[in-house]
Amino acid sequence: KKEACYESLMFYRGNASIARSEMARIEETIASQKKEQREGDSINRMKAKLKRLSSGSFLKPFFIVTVMLCLGLEWGGFSALSYYLHTLLEKVEIPYDPYMIAIFTSIYRTFIAFLMSPFINRYPRRKMYLSAGVLTAIALFAQSA
């Protein structure tokens, strides 16, 4: 690798002494970077991570996704379905504890969401959102009846 680098420097610089001095400078820079990585101060690494977290390039997409997720869950009716599920199960008079069934239903819903996440990009989003909205509206209507 050093030979190829030296040949490239010779081609672009045209002077052997300039190429050798630049080659030495490059080797010193690489050695100092490797030393910093090995000895890397954990406090400096933590500061760099916190600085990255407070930058606008991270915060703006993070807040957009957070707001979309929160509003989507609230406006989608999932909280209402989960909140009233035990009441609905008590009225149906199933022979099991309605609170345990509600917990298992929530776990099942989470499992299915993770299981179906690879398939999301395969279907048109508009049809998927509309069908999910219609099914949620039907569930909320059935719950209110």
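1. Aromatic rings of Phe, Tyr and Trp count as a pair if their centres lie within 6.5 Å. That cut-off underlies the cluster formed by F58, F62 and F63. The model is predicted, so the points below concern computed geometry.

2. How many aromatic pairs does the whole structure hold? A search finds 3. Two of the pairs are taken up next, F11 with Y12 and F58 with F62.

3. Start with F11 and Y12. Their ring centres are 5.1 Å apart. The planes meet at 80 degrees, and over 60 counts as edge-to-face, so this pair is edge-to-face. Are the two residues buried or exposed? F11 is exposed, at 66% relative accessible area. Y12 is exposed too, at 63%.

4. Now F58 and F62. Here the centres lie 5.5 Å apart. The planes are at 15 degrees, and under 30 counts as stacked, so the pair is stacked. Both residues sit in helix α4, 4 residues apart, which means a separation of about one helical turn.

5. Which residues form one cluster with aromatic rings? They are F58, F62 and F63. F63 also belongs to helix α4. Each of the three is partly exposed: F58 at 33% relative accessibility, F62 at 42% and F63 at 48%. The class runs between 20% and 50%, so these values fall inside it.

6. The cluster residues recur at the surface. F58, F62 and F63 join M46, L50 and L53 in a nonpolar surface patch. Its area is about 590 Å². Which elements give two or more residues to the patch? They are α3 (42–53) and α4 (56–75). Patch residues must have over 30% relative accessible area, so F58, at 33%, qualifies on that count. F62 at 42% does as well, and so does F63 at 48%.

7. One backbone point deserves a look. E93 has a phi near 60 degrees. That is a positive value in a residue other than glycine. Where is E93 found? It lies in the loop between α5 (78–92) and α6 (98–116). E93 is exposed, with 67% relative accessibility.

8. For inspection, three places stand out in this note. One is the edge-to-face pair of F11 and Y12. Another is the nonpolar patch of M46, L50, L53, F58, F62 and F63, which contains the stacked rings of F58 and F62. The last is E93, with its positive phi.

How values were computed. Residues are numbered from 1 along each chain as its sequence is written. This is a predicted model: local features need pLDDT of at least 70, side-chain atom pairs count only at pLDDT 80 or more; totals for chains, interfaces and linings use all residues. Side-chain values use heavy atoms; hydrogens and water are left out. Patches are made of residues with over 30% relative accessible area and no salt bridge: like charges are joined within 9 Å, nonpolar side chains (Val, Leu, Ile, Met, Phe, Trp, Tyr) within 5 Å. Accessible areas come from the Shrake-Rupley method with a 1.4 Å probe; for residues, only the protein chains shown count as cover. A salt bridge is a side-chain nitrogen of Lys or Arg within 4 Å of a carboxyl oxygen of Asp or Glu. Buried means under 20% relative accessible area, exposed over 50%, partly exposed in between (1.4 Å probe, protein chains only). Rings of Phe, Tyr and Trp (its six-membered ring) pair if their centres lie within 6.5 Å; planes under 30 degrees apart count as stacked, over 60 as edge-to-face and the rest as tilted.
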